[in-house]
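Me: I have a structure open and would like to talk it through slowly. Could we start with what a word means before we use it?

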Amino acid sequence: MAPSQTAQPRRIVIAGGGTAGWMTAAALARTLGSVAQITLIESDAIGTVGVGESTIPPLVAYNRLLGIGEADFMRATQATFKLGIMFENWKTLGSKYFHSFGGTGKDHWSAGFQHFWLHGQTQGHTQSYDEYCLELKAAEAGKFAHLPDDRINYAYQLDSSLYAAFLRRMAEADGCTRSEGRITNVELNGETGDIAALMLDGNRRVEGDLFVDCTGFRALLIEGALHAGYDDWSHYLPCDGAVAIQTANVRAPVPYTRAIAHDAGWQWRIPLQHRGGNGIVYCSRYMDQNAALERLLSTIEGQTLTEPNLIRFTTGARRRQWHRNCVAIGLSSGFMEPLESTSIHLIQRAVLRLVRMLPAGRPSLRDIAEFNDQQFTDMEQIRDFLILHYKATERQDSPFWRHCAAIELPDTLAHKIELFRETGRVFRRNEELFAENSWVQVMMGQGIAPQSYHPVAAKLKSEELAYLLSSLRENVARTVDGLPPHGAYVAHYCGVKADQAA
Ligand code: FAD
């Protein structure tokens, strides 16, 4: 039987024009072109959350998918390259470790490189695990360049408002219509319960077939009108406040983000071409907003360029991110704090899923269930990875860290930690975002030491093991030696004149 093709979702209405709104608009407009009428409503008076500057590598692919030229994008968003995150004071006060993009050493099909490294440690090869990771060593040296065959894995540190503006230009050129105004009411269809239209100030009414809620923490459509519900994860991830501020650069930008733990949360530093992004994340049970602001202001470098941006949030996620004819994308769908820079990535995943599952007529309940399941699973997996940073700590120096040490783990994470502790193994399930290298670096960085390793590692003769380890280290060191300083490379790549470069 021929498939029945009912009407296209001709009118897609995106409520909200932050990073989520414009990432959605740009992808839909580019992919669907003339078969859908895409409208985005945003309110300059309300503004955006104004943070979200550190990203992870899949954004490189997202931009390529949309046909965005990298140098154009980096110029427009004042972006720098990012090779990972430097975690400071997480395991103990004064400790440091690096979570890099890419891999470490060379895996065997039967066992990850950590098994060979662990065996090496027992045989007198005492070099740090870090010595085998190109991205990590390049970051430490403050160097970067693109390498043939995408041999260096990277993401960007960018100005999110400039990214939204860049995507807006693209989306509008591809036919998306922007409507300025405040949404004052969400009108439901009395029979179906679906959203029928959005009412804007000035008594304007915007009808649609499919609505995308990108209204940020307000979640005006998905929660305000449809009451889709929210799973509160603050018992796992207790931080609930942040203060962000921008500063002038005081040195050339480094190719990594810093996450510096303090006694009731942590602080970020994100170097862009034209300025730095700084912020503090805190748990209001142990630190109030004034103390957080004071801590931030007393520790940042460089002249402040903005007023402090004070933000409150509840970590968690919606099980029903697509409900009826409304899909929540961005902060309206959930938020797990920015520790591993995963929010923009979740926007990207949701947008690509929506494009793949776009209904021809009324949304299929199976599509909706599939979308919700995939999106929620992504979030649970990321949640587990974030909890690891708080829970696996030796810090006991403040009530906050003692609280974190007592967090009851989800079974999924407890299993992962114990498996690694006993065997050195990590398994990646259902295309989960963080791969083996990420788990190994963070678990070891937080002080979880495997008690054994795969027997295949001991099969190597001592000369073979010595050769393997030294050649891997030398290869990393040689490659890093040949890389240019990151700041100079960015300036050259973006065509910035030397005297303008940071
Ligand atoms: P918003 O930026 O809040 O946009 C909401 C939009 O809805 C705005 O355009 C607003 O005007 C509009 N709107 C709301 N109400 C109405 C109304 N009534 N009428 C009309 N329009 C309306 N993510 C990362 O990936 N990396 C990071 O490093 C990172 N750091 C973060 C740090 C903090 C402290 C926080 C809180 C978040 C961070 N994030 C980070 C998350 C990231 O900021 C967001 O995922 C991203 O900015 C998307 O936000 P949004 O578009 O969903 O919401």
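Reply: Let us begin with contact, which here means heavy atoms within 4.5 Å. Please also keep in mind that this is a predicted model.

Me: Okay, so how many residues of domain 1 are in contact with domain 2?

Reply: Going by that cut-off, 15 residues of domain 1 are in contact with twelve residues of domain 2.

Me: And where do the domains run along the chain?

Reply: The domain assignment places 10-80, 158-233 and 315-378 in domain 1, while domain 2 takes 101-148 together with 382-481, and domain 3 covers 241-312. The C-alpha centres of domain 1 and domain 2 are 35 Å apart.

Me: Switching to helices, at what angle do α3 and α6 cross?

Reply: Helix α3, residues 70-77, and helix α6, residues 160-173, cross at roughly 130 degrees, and their axes come within 8 Å of each other. The two helices are therefore oblique to each other, and the crossing of α3 and α6 is right-handed.

Me: Why does that count as oblique?

Reply: Angles over 145 degrees count as roughly antiparallel and those from 65 to 115 as roughly perpendicular, and the crossing at roughly 130 degrees falls in neither range, so α3 and α6 are called oblique.

Me: Which residues make the contact there?

Reply: On the α3 side they are D72, F73, A76 and T77, and on the α6 side they are L162, Y163, F166 and R169. Sorted by class, the contact of α3 with α6 has five nonpolar residues, one polar residue and two charged residues.

Me: New topic: what is the order of strands in the sheet of six?

Reply: That open sheet has the order β7-β2-β1-β11-β20-β19, and its pairing is mixed. At its edges are β7 (177-180) and β19 (322-323), each of which pairs on one side only.

Me: Do β11 and β20 run parallel or antiparallel?

Reply: Strand β11, residues 210-213, and strand β20, residues 326-328, run parallel and are joined by three bridges; one example is F211, whose bridge partner in β20 is C326.

Me: What about the sheet with β8, which strands are in that one?

Reply: Three strands, in the order β8-β9-β10, form an open sheet with antiparallel pairing. Its edge strands are β8 (183-188) and β10 (204-207), and neighbouring strands of this sheet are turned by 25 degrees against each other on average, with direction ignored.

Me: How many bridges join β9 to β10?

Reply: Four bridges join β9, residues 195-200, to β10, and M199 has R205 as its bridge partner in β10.

Definitions and conventions:
Residues numbered from 1 in each chain as written. Predicted model: local features only at pLDDT ≥ 70, side-chain atom pairs only at ≥ 80, totals over all residues. Heavy atoms only, no water. Pairing = 2+ DSSP bridges. Axes fitted to C-alpha atoms, helices over the stretch in contact; angles between N-to-C directions. Parallel < 35°, antiparallel > 145°, perpendicular 65-115°, else oblique. Left-handed = near helix turned anticlockwise from the far one by under 90°. Nonpolar A, V, L, I, M, F, W, Y, C, P; charged D, E, K, R; others polar. Domains from an automatic or database assignment.
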